[in-house]
Amino acid sequence: MLVLAYVVLKATPIHKVIGYLLLLPGVSYIIMHTLTLLGPDMTALASQLEGFLAVPMALGELGLAL
């Protein structure tokens, strides 16, 4: 997602809003998976953050579909 966000932000005919919609879930995915890799203590925090970050990740998937 981060690479796609970079490409979209650098492309002139594509709107910048789509690029930022792809950037936000890319960062959200990195946060979620990093917390999961850090151990079982962070899994509880990751599950709490997943509810908050689900909206940006869903918007990013929709942006990817566009």
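1. Let's start with P56, which sits in helix α3. Helices here are DSSP runs of H or I with at least four residues, strands are runs of E with at least two, and both are numbered from the N terminus. Is P56 buried or exposed? At 15% relative accessibility it counts as buried. That word has a cut-off: buried is under 20% relative accessible area, exposed is over 50%, and partly exposed is in between, using a 1.4 Å probe and protein chains only.

2. Before going on, a word on what you're looking at. This is a predicted model, where local features need pLDDT of at least 70 and side-chain atom pairs count only at pLDDT 80 or more, while totals for chains, interfaces and linings use all residues. Residues are numbered from 1 along each chain as its sequence is written, and side-chain values use heavy atoms, with hydrogens and water left out.

3. Back to P56 and its company. If you skip the neighbours within four places in sequence, P56 is in contact (heavy atoms within 4.5 Å) with L24, P25 and S28. Its C-alpha atom is 9.1 Å from that of G26, although 30 residues separate the two along the chain.

4. Now the overall picture. The protein has three helices and zero strands, and from the N terminus on the elements run α-α-α. Along its principal axes, the C-alpha trace spans about 45 × 20 × 15 Å. Of the 66 residues in the protein, 27% are buried. Take the contacts between residues at least 6 apart in sequence: 51% of them join residues at least 24 apart.

5. What about the outside? The accessible surface comes to about 4600 Å², and 75% of that belongs to carbon and sulfur atoms. Areas like this come from the Shrake-Rupley method with a 1.4 Å probe, and for residues only the protein chains shown count as cover.

6. Helix α1 covers residues 2-10, and A5, V8 and L9 are buried in it. Why do they line one face of the helix? Seen down the axis of α1, the buried residues fall within an arc of 100°, so they share one face; the arc is taken from the directions from the helix axis to the C-beta atoms. The face turned away from that buried side carries the exposed residues V3, Y6 and K10. As for what covers the buried residues of α1, α2 is included.

7. A5 is worth a click. This α1 residue is buried, with a relative accessible area of 0%. Leaving out neighbours within four places in sequence, A5 is in contact with G19, L22 and L23. The C-alpha atoms of A5 and L64 are 9.2 Å apart, with their positions 59 residues apart along the chain.

8. Helix α2 runs over residues 16-37. Its 22 residues, at 1.5 Å a residue, should span 32 Å, and the end C-alpha atoms are 32 Å apart, so the two agree. The expected span is 1.5 Å times one less than the number of residues. Buried in α2 are G19, L22, P25, G26, S28, M32 and L35. Just after α2, look for G39, which takes a positive phi of about 135°.

9. S28 belongs to α2, and it is buried, with a relative accessible area of 2%. A polar atom of its side chain lies 3.0 Å from the backbone oxygen of L24. Beyond its neighbours within four places in sequence, S28 is in contact with L53, P56 and M57.

10. Which residues form the largest nonpolar core? There are five: M32, L35, A46, L53 and M57. A nonpolar core is a set of buried Ala, Val, Leu, Ile, Met, Phe, Trp, Tyr and Cys residues joined through side-chain atoms within 4.5 Å. Helices α2 and α3 each supply at least two residues of this core, and α3 gives the most, with three. M57 touches P25, S28, Y29 and M32, not counting residues up to four places away in sequence.

11. For contrast, find D41 in helix α3, residues 40-65. Is D41 buried or exposed? At 70% relative accessibility, D41 counts as exposed. Its C-alpha atom is 40 Å from that of H15, with the two residues 26 apart along the chain.

Key:
A polar contact is a pair of N or O atoms within 3.5 Å; within protein, one must be able to donate a hydrogen and the other to accept it, and residues adjacent in sequence count only if both atoms are side-chain atoms.
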